[in-house]
Amino acid sequence: MEQITRILNEITTITLEIETKYPEIYKFLEEDTATLPFKEHPKINSKVLLNYLESLKQLLLHHRETHLIN
C-alpha cells in the first residue's frame, strides 16, 4: 500500500506541474489511453499506476524537448 501511495503522490505532482506550467498539454490527459479502461471493472494496481506515471513523464519530457526553447 505504501508503494501505491508513493506512486499516486508522484502522479499528482506531475499532473499538477503539467496543469500549471503546460496547460497546452494538460487538456490531453483526459484522452490518454492509459486513463481509459477497456473493462467495466478494471484492476488498478501498482503496475498499472507505474505505467501511467511513466506515460506522464514521457509526455512531459517529449513536450519539453520538442516545444520549448531553452
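**View 1. Glu17 and Arg64 form a salt bridge, with their closest N and O atoms 2.3 Å apart.** Glu17 belongs to helix 1 and Arg64 to helix 3, so this pair ties together parts that are 47 residues apart in sequence. Keep in mind, as you look around, that this is a predicted model. Glu17 counts as partly exposed because its relative accessibility is 21%, just as Arg64 counts as partly exposed at 34%.

**View 2. Here we stay with Arg64 and its contacts.** Arg64 sits in helix 3, which covers residues 46-67. Leaving aside residues up to four places away in sequence, Arg64 touches Glu17 and Tyr22. Tyr22 is 42 residues from Arg64 along the chain, yet their C-alpha atoms are separated by 9.4 Å.

**View 3. Lys57 and Glu10 are joined by a salt bridge of 3.5 Å, N to O.** This pair, too, links distant parts of the chain: Lys57 is in helix 3 and Glu10 in helix 1, 47 residues apart. Lys57 is partly exposed, with 35% relative accessibility, and Glu10 is also partly exposed, with a relative accessible area of 27%.

**View 4. Within helix 1, the side chains of Arg6 and Glu10 meet in a salt bridge of 2.4 Å, N to O.** Because Arg6 and Glu10 are four residues apart in helix 1, about one helical turn separates them. Arg6 counts as partly exposed, at 41% relative accessibility. How many salt bridges does a search of the whole structure find? The search finds three. Which residues are joined into one network by salt bridges that share partners? They are Arg6, Glu10 and Lys57.

**View 5. Helix 1 has a buried side and an exposed one.** Ile7, Ile11, Ile14, Thr15 and Ile18 are the buried residues in this helix. They cover an arc of only 105° around the axis, and therefore lie on the same side of helix 1. An α-helix has 3.6 residues a turn, which means that residues three or four places apart point the same way. What covers the buried residues of helix 1? The cover includes helix 2 (23-26) and helix 3. On the other side of helix 1, you will find Glu2, Thr12, Thr13, Thr20 and Lys21 exposed.

**View 6. Helix 1 is shown from end to end, residues 2-21.** At 1.5 Å a residue, its 20 residues should span 28 Å, and the end C-alpha atoms are indeed 28 Å apart, which agrees.

Methods:
Residues are numbered from 1 along each chain as its sequence is written. This is a predicted model: local features need pLDDT of at least 70, side-chain atom pairs count only at pLDDT 80 or more; totals for chains, interfaces and linings use all residues. Side-chain values use heavy atoms; hydrogens and water are left out. Helices (H or I, at least four residues) and strands (E, at least two) are DSSP runs, numbered from the N terminus. Contact means heavy atoms within 4.5 Å. The expected span of a helix is 1.5 Å times one less than its number of residues. Buried means under 20% relative accessible area, exposed over 50%, partly exposed in between (1.4 Å probe, protein chains only). The arc is that of the directions from the helix axis to the C-beta atoms. A salt bridge is a side-chain nitrogen of Lys or Arg within 4 Å of a carboxyl oxygen of Asp or Glu.
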